[in-house]
Amino acid sequence: EYKTFLANSGGSGSALTDDQFARYLFTVPPDSLDAVLDRWSQFFIAPTLNYTSIVSSIEAVNNEFLGIVQQDSRRLYSLQHYLSADDSAYHHFTCGNTKTLSHPDIRDRLVKFYSTHYIAPEMRLVLLGSQSLDVLQGYAETYFTAVP
C-alpha cells in the first residue's frame, strides 16, 4: 500500500545499503507527508516480511550485483572486505546475489536481523519538509514512537 500511495500522491522513494547503514528516502508533496509517514512507519513498527517481498528484494539485489560484478572499482572494494579480519562483519558483507541470499530459512534470518538491528536505539530519523519544526516533530512522535 505504501508504494502505491506514494506514487498516487506524486511522490517517489528509494533505498540503499552500504557497509554500515541502510537508508530509506522518499519525496512527497507537503500535503501528503502526514499520510505517507503513517504508512511508511509501519515498515519499522510491524514489518510483514512476506515471502513475495523477500523474493522481490533478492531479485533487486541480484540485479544490482550483476550490474557491478565486472567493475574494477567493485573488485577492489570486494578485495578490501576479503582481506579484513575473518571475524569482522566487514569481512562478510559486500553485495549479495541470488546464490548468497537464497536460504530455506531466509525469512527466519531476516526476522532475527530485523529484531536485532531495526530497533529505535540503532536508528535515526530525519524529516525534512516545508512544515514547521513543531509539525515535523509531531509527525516523528506520532508515527515513530512505537518503533521497538
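This report describes the nonpolar core, the aromatic pairs and one unusual backbone angle of a predicted model.

The largest nonpolar core comprises 16 residues, and those with the most contacts inside it are Phe-26, Leu-33, Leu-37, Trp-40 and Phe-144. At least two residues of this core come from each of helix H1 (2-8), helix H2 (33-40) and helix H9 (133-144). When residues up to four places away in sequence are not counted, Leu-37 touches Phe-26, Leu-127, Tyr-139, Tyr-143 and Phe-144.

A search of the whole structure finds 11 aromatic pairs, and two stacked pairs that involve Tyr-118 are set out below.

| Pair | Centre to centre | Angle between planes |
|---|---|---|
| Phe-44 and Tyr-118 | 6.4 Å | 10° |
| Tyr-114 and Tyr-118 | 5.5 Å | 20° |

Phe-44 belongs to helix H3, whereas Tyr-118 lies in the loop between helix H8 (106-117) and H9, so their pair ties together parts that are 74 residues apart in sequence. Phe-44 is buried, Tyr-114 is buried with a relative accessible area of 14%, and Tyr-118 is likewise buried, with a relative accessible area of 18%. These three residues belong to one aromatic cluster, whose members also include Tyr-2, Tyr-24, Phe-26, Trp-40, Phe-43, Phe-113 and Phe-144. A further ring, that of Phe-5, has Arg-39 over its face, at 3.7 Å from the ring centre.

In the loop between helix H3 (42-45) and helix H4 (51-68) lies Leu-49, which has a positive phi of about 45° although it is not a glycine. Leu-49 has a relative accessibility of 22% and therefore counts as partly exposed, given that buried means under 20%.

Key. Residues numbered from 1 in each chain as written. Predicted model: local features only at pLDDT ≥ 70, side-chain atom pairs only at ≥ 80, totals over all residues. Heavy atoms only, no water. Core = buried A, V, L, I, M, F, W, Y, C linked by side-chain atoms within 4.5 Å. Buried < 20%, exposed > 50% of the residue type's maximum accessible area, 1.4 Å probe, protein only. Helix = DSSP H or I, 4+ residues; strand = E, 2+ residues; numbered from the N terminus. Contact = heavy atoms within 4.5 Å. Phe/Tyr/Trp six-rings, centres within 6.5 Å; stacked < 30°, edge-to-face > 60°. Lys NZ or Arg CZ within 6 Å of the ring centre and 35° of its normal.
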